[in-house]
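Colleague: Please give me a close look at one part of this model, the aromatic side chains and whatever sits around them. Start with the overall layout so I can find my way.

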Amino acid sequence: MNLINEKVSHKTFGTGYIVDMNDTSVEVQFETDRKKFVFPDAFGPFLKLHNRQAAEAVQSIIQQIKDKKQQKQEEVIVQLEHKKAINK
């Protein structure tokens with residue numbers, strides 16, 4: 001996913017454009033400053049994308065990450081329950 005040049009808004013820093021990104025961060029040039037944010041975690045609480053399609057794509061990534069975390073948690077619970085049953 002390439003978000004370079006996408007317009008974003010931030011409550012404190014105002015409007016800016018994504019000027020650099022990688023798998024773990026995005027860098028945004030605001031009017032007076034350049035700031036780095038954690039990707040994709042910053043979208044929602046801190047950054048808002050103006051492009052609807054880009055915003056939906058980022059939300060999809062965030063949901064996939066949440067789903068993977070939940071799946072891992074469920075696997076750990078099953079493993080713990082299995083160990084507990086064996087030790088009885």
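**The aromatic rings and their surroundings**

Modeller: Overall, the protein has 1 helix and 5 strands; helices (H or I, at least four residues) and strands (E, at least two) are DSSP runs, numbered from the N terminus. Before you lean on any of this, remember that it's a predicted model: local features need pLDDT of at least 70 and side-chain atom pairs count only at pLDDT 80 or more, while totals for chains, interfaces and linings use all residues. Residues are numbered from 1 along each chain as its sequence is written, and side-chain values use heavy atoms, with hydrogens and water left out.

Reading from the N terminus, the order is β-β-β-β-β-α. The C-alpha trace spans about 65 × 25 × 20 Å along its principal axes. The radius of gyration is 18 Å, whereas a compact globule of 88 residues would come out near 12 Å; that radius is taken over C-alpha atoms, and the globule rule is 2.2 Å times the number of residues to the power 0.38.

Now the strands that frame the rings. Strand 1 (residues 7–10) and strand 2 (residues 14–21) run antiparallel, joined by 4 bridges; strands pair if DSSP finds at least two bridges between them. These two strands make a hairpin with 3 residues between them, and Ser-9 sits opposite Thr-15. Strand 2 also pairs with strand 3 (residues 25–30), again in the antiparallel sense, over 5 bridges. That is another hairpin with 3 residues in between, and here Tyr-17 faces Gln-29.

On to the rings themselves. There are 3 aromatic pairs in the structure; rings of Phe, Tyr and Trp (its six-membered ring) pair if their centres lie within 6.5 Å, and planes under 30 degrees apart count as stacked, over 60 as edge-to-face and the rest as tilted. Phe-13 and Phe-30 make a tilted pair, 5.3 Å centre to centre with 35° between the planes. This pair bridges distant parts of the chain, since Phe-13 is in the loop between strand 1 and strand 2 while Phe-30 is in strand 3, 17 residues apart. How buried or exposed are the two partners? Phe-13 is partly exposed because its relative accessible area is 33%, and Phe-30 counts as buried because its value is 4% (buried is under 20% relative accessible area, exposed over 50%, partly exposed in between, with a 1.4 Å probe and protein chains only).

Another pair is Phe-39 with Phe-43: the centres are 6.1 Å apart and the planes stand at 85°, so this one is edge-to-face. Both Phe-39 and Phe-43 are buried. Going back to Phe-13 and Phe-30, ring pairs link them with Phe-37 into a cluster.

There's a backbone detail to check beside Phe-39: the peptide bond from Phe-39 to Pro-40 is cis, with omega near 0°. Pro-40 belongs to the loop between strand 4 and strand 5.

Ser-25, in strand 3, has some of these rings for company. Leaving aside neighbours within four places in sequence, Ser-25 is in contact with Asp-20, Lys-36, Phe-37, Val-38 and Phe-39, where contact means heavy atoms within 4.5 Å. Ser-25 is buried because its relative accessible area is 10%.

Phe-43 leads us into the largest nonpolar core. Of its 16 residues, Leu-3, Ile-18, Val-26, Phe-43 and Leu-47 touch the most other members; such a core is a set of buried Ala, Val, Leu, Ile, Met, Phe, Trp, Tyr and Cys residues joined through side-chain atoms within 4.5 Å. Strand 2, strand 3, strand 5 (47–49) and helix 1 (52–86) each give two or more residues to this core. In soluble globular proteins, nonpolar side chains tend to be buried together. Setting aside sequence neighbours within four places, Ile-18 has contacts that include Leu-3, Val-26, Phe-43 and Leu-49. Asn-5 is also among the contacts of Ile-18, yet Asn-5 counts as exposed because its relative accessibility is 60%. Asn-5 sits in the segment before strand 1, and has a positive phi of about 75° although it is not a glycine.

For contrast, try Thr-32 in the loop between strand 3 and strand 4 (34–38). Thr-32 is exposed because its relative accessible area is 73%. Across the protein, 25% of the 88 residues count as buried.
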